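Hello! As promised, I am handing over the structure so that you can look at it yourself. Please open it first and then read on.

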Amino acid sequence: MSDVNTDDAPLSASKHTAAAIYTATESLIEKRGDTMVGRAVTINRPRAELFAYFRDFTNLAHFMENVERIEVIDAKRSHWVVKAPGGRTVEWDALITDEVGGEYLAWASQPGADIANSGRIDFRDAGARGTVVTATLLYDPPYGVVGKLIAKLFQREPAIQARRDLRRFKQLMETGEVATAARTRKQFEEEMA
Amino acid sequence: MRALTWHGRHDVRVDTVDDPEIINPRDAIIKITATAICGSDLHLYDGYIPTMQAGDILGHEFMGEVVEAGSGSTLKKGQKVVVPFTIACGSCYHCGKHQYSACDNGLPADNQDIAQTLYGQPMSGLFGYSHMTGGYAGGQAEYVRVPFSDVGPIVIPDGIDDEKVLFLSDILPTGWMAAENADIEPGDTVAVWGCGPVGLFAVQSAFLMGAERVIAIDHFPHRLDLARKFGAETINFEDSAVYEALMEMTGGIGPDAVIDSVGLEAHGFFVDNVIDQIKKSTFLGTDRTHSIRQAIFACRKGGRVSMPAVYGGFVDKFPLGAFMEKGLTLKTGQTHVQHYLPGLLAAILEEKIDTTFLISHRLALEDAPKGYKMFHDNQNEVTKVVLKPGLALA
């Protein structure tokens with residue numbers, strides 16, 4: 001199965017989804033869903049700095065807009081509370097399943113998760129351009145196809161969020177702030193709600 | 001504060017809205033002293049730009065006085081600044097290469113989706129120009145919030161009249177970059193389509209860069225007169241056949257470089273069907289795609305094509321054959337305003353470039369809706385409307 005693709009493209013770009021997920025989960029990623037999303041962003045900062053910032057999960061809410069809070073339980077475990085459509089929240093416990101400092105991090109949600117998910121985030125040197133950060137995410141769309149559609153309508157779909165969160169991570173690391181077009185602090189708070 | 005807000009087709013109003021505030025550390029709040037209506041604002045006015053919302057504050061050509069600066073800003077209270085229309089972070093790879101209009105971080109993350117879908121990658125943010133370009137409030141107002149204020153705004157020395165430097169915000173660097181993209185060599189003949197502000201600044205810039213002759217093409221007699229004042233020869237396309245005239249004026253060779261600055265910049269954001277609709281409904285709409293075709297057709301073999309005019313959708317019947325067979329080079333792009341500001345400010349202060357000739361009307365901010373209507377209805381006489389919040393009502 002691992003030679004399902006005849007090219008060097010990332011598995012997340014594969015047109016043979018099931019086979020690609022099979023291959024992806026043969027190595028680092030635990031299987032927690034049937035939808036795979038991959039995104040890469042180049043961030044003009046050193047690799048070690050980016051990894052260190054990301055690895056401290058208390059920082060993630062600074063750029064993951066849908067994260068209401070992340071409680072760090074111990075070095076490997078954390079509890080996630082994330083906004084869902086209709087003013088609700090979804091929660092899960094995440095376990096770090098593998099990690100090499102400065103290079104990558106793999107995680108998987110634990111049994112009882114509202115949205116099962118797993119994935120890996122890789123940090124790779126990109127010379128004068130900084131660091132390539134690649135996130136690969138496996139998840140079960142909330143409440144199936146209909147749930148995914150509703151989530152998409154409310155812009156809370158995990159694939160959309162992953163894309164936007166990576167952009168915000170880049171903005172924060174490169175510029176020290178997350179870009180907003182809000183004109184007043186009141187507008188800004190409404191956007192964050 | 002008072003601000004010019006968009007409410008729909010041909011419906012702009014001066015409303016009272018909440019004052020802007022510092023939100024991010026690198027922000028500054030500018031009190032506007034002068035702001036201009038751009039030709040591309042007319043396309044918001046005409047209701048052709050998608051992703052506009054009622055109440056949006058317009059304006060991307062503006063300047064003023066710093067009244068508040070965030071902890072990460074390098075600006076000081078009381079400084080006079082001109083603000084680029086492109087919102088760029090100064091920290092990303094593209095800003096490092098001075099490709100400011102390609103900044104990775106100027107657009108809020110959520111607003112990047114549309115441009116990424118349309119173009120493959122998102123571009124920088126823009127002030128006052130729909131939510132596709134960020135949804136940032138513009139500067140046709142008493143105050144404006146300027147993000148990344150340590151990178152964009154250029155500080156103007158004391159005692160310089162606003163009108164001399166206001167156009168650093170957009171049209172002067174856009175005209176300059178248009179000429180730069182034409183890779184002008186001494187002795188060149190350069191043809192410029194469109195004598196709006198960008199075209200007229202491209203004419204001036206082309207001469208400064210060593211062009212021997214500039215031929216300006218338009219159909220508004222007053223605008224052709226302005227081009228002639230800077231030494232350009234002119235072709236009025238209502239009176240003369242453009243290709244035939246250019247070939248004869250260049251001894252059968254064609255212009256060495258051609259610049260398409262037919263200034264309906266807003267076309268940049270149109271999707272196909274909207275373009276088609278405009279093509280049907282307006283003369284300029286049909287004419288402008290014609291201008292790039294005509295420019296490529298007239299350009300000499302091995303010549304250069306510069307395209308400051310913004311296109312965003314798809315163009316019918318692009319003469320790819322002529323382009324390839326003649327071995328032309330095309331350069332284009334939204335203006336990297338920040339890159340050009342120091343040099344152009346110096347050129348203005350040394351009086352190498354004149355900008356004030358362009359201003360035909362000066363109005364109070366409260367009269368802005370009248371300014372839009374005037375500009376919309378009479379593009380021959382109304383070359384540039386400058387709004388001044390401090391000015392008394394006419």
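Below is a short tour of what was found, starting with the overall build of one chain and ending with the strands of the other.

Before you start, please keep in mind that this is a predicted model.

**Chain B as a whole**

Chain B contains 13 helices and 18 strands. Its C-alpha atoms fill a box of roughly 60 × 45 × 45 Å along the principal axes. What radius of gyration does chain B have, and does that agree or disagree with a compact globule? The value is 20 Å, which agrees, because a compact globule with 394 residues would have a radius of gyration near 21 Å. Of those 394 residues, 55% count as buried. You can also look at how the chain folds back on itself: among contacts in chain B between residues at least 6 apart in sequence, 73% join residues at least 24 apart.

**Two domains in chain B**

The domain assignment splits chain B into domain 1, made of residues 2-169 and 338-388, and domain 2, made of residues 172-332. Their centres, taken over C-alpha atoms, are separated by 25 Å. Where the two meet, domain 1 of chain B contributes 22 residues to the contact, and domain 2 of chain B contributes 22 residues. On the domain 1 side, the touching residues divide into 11 nonpolar, 8 polar and 3 charged.

There is also an annotation for this chain. An unreviewed UniProt entry lists residues 25-153 of chain B as "domain: Alcohol dehydrogenase-like N-terminal". In the model, that span is 13% helix and 26% strand, and its end C-alpha atoms lie 15 Å apart.

**A small sheet in chain B**

Next, find the open sheet of 3 strands in chain B, which has the order 2-1-4 with antiparallel pairing. Which strands form its edges? They are strand 2 (11-16) and strand 4 (56-57) of chain B, each pairing on one side only.

Strand 1 (residues 2-8) of chain B runs antiparallel to strand 4 of chain B, and 2 bridges join them. Within strand 4 of chain B, B:Asp56 is the residue opposite B:Trp6. Strand 1 of chain B also pairs with strand 2 of chain B in the antiparallel sense, over 6 bridges. There, B:Gly8 has B:Asp11 in strand 2 of chain B as its bridge partner. These two strands make a hairpin with 2 residues between them, where B:His10 takes a positive phi near 55°.

**One loop residue to look up**

Following on from strand 2 of chain B, B:Asp19 is in the loop between strand 2 and strand 3 (28-37) of chain B. Is B:Asp19 buried, exposed or partly exposed? It is partly exposed, because 14 other C-beta atoms lie within 10 Å. Leaving aside neighbours within four places in sequence, B:Asp19 is in contact with B:Met1 and B:Tyr143. If you would like a distance to try out, B:Asp19 and B:Ala102 are 83 residues apart in sequence and 29 Å apart in space, C-alpha to C-alpha.

**Where the chains meet**

How many residues of each chain take part in the contact between them? There are 26 from chain B and 20 from chain A. The chain B side divides into 12 nonpolar, 8 polar and 6 charged residues.

**A run of strands in chain A**

Finally, follow chain A from strand 2 (residues 67-72) to strand 3 (residues 77-83), which run antiparallel and are joined by 5 bridges. They form a hairpin with 4 residues between them, and A:Arg69 stands opposite A:Val81 in strand 3 of chain A.

Strand 3 of chain A then runs antiparallel to strand 4 (residues 89-100) of chain A, with 7 bridges between them. A:Lys83 is the bridge partner of A:Thr89 in strand 4 of chain A. The hairpin here has 5 residues between the strands, and A:Gly86 has a positive phi near 75°.

Strand 4 of chain A pairs in turn with strand 5 of chain A, antiparallel and over 6 bridges. Here A:Ile96 faces A:Trp107 in strand 5 of chain A. This hairpin has 3 residues between its strands, and A:Gly102 in the turn has a positive phi of about 80°.

Strand 5 (residues 104-109) of chain A is mostly covered, with 5 of its 6 residues buried. It is also joined by 5 bridges to strand 6 (residues 117-125) of chain A, again antiparallel.

Enjoy exploring!

Technical notes
Residues are numbered from 1 along each chain as its sequence is written. Chains are lettered from A and ligands numbered from 1 in the order in which they are written. This is a predicted model: local features need pLDDT of at least 70, side-chain atom pairs count only at pLDDT 80 or more; totals for chains, interfaces and linings use all residues. Domain bounds come from an automatic or database domain assignment. Two residues are in contact if their C-beta atoms, placed from the backbone, lie within 7 Å. Ala, Val, Leu, Ile, Met, Phe, Trp, Tyr, Cys and Pro count as nonpolar, Asp, Glu, Lys and Arg as charged, and the others, Gly among them, as polar. UniProt positions are given in the numbering used here, feature names are shortened, and annotations may be inferred rather than shown by experiment. The radius of gyration is taken over C-alpha atoms; the globule rule is 2.2 Å times the number of residues to the power 0.38. A residue is buried if 20 or more other C-beta atoms lie within 10 Å of its own, exposed if 12 or fewer, and partly exposed in between; C-beta atoms are placed from the backbone. Two strands pair if DSSP finds at least two bridges between them.
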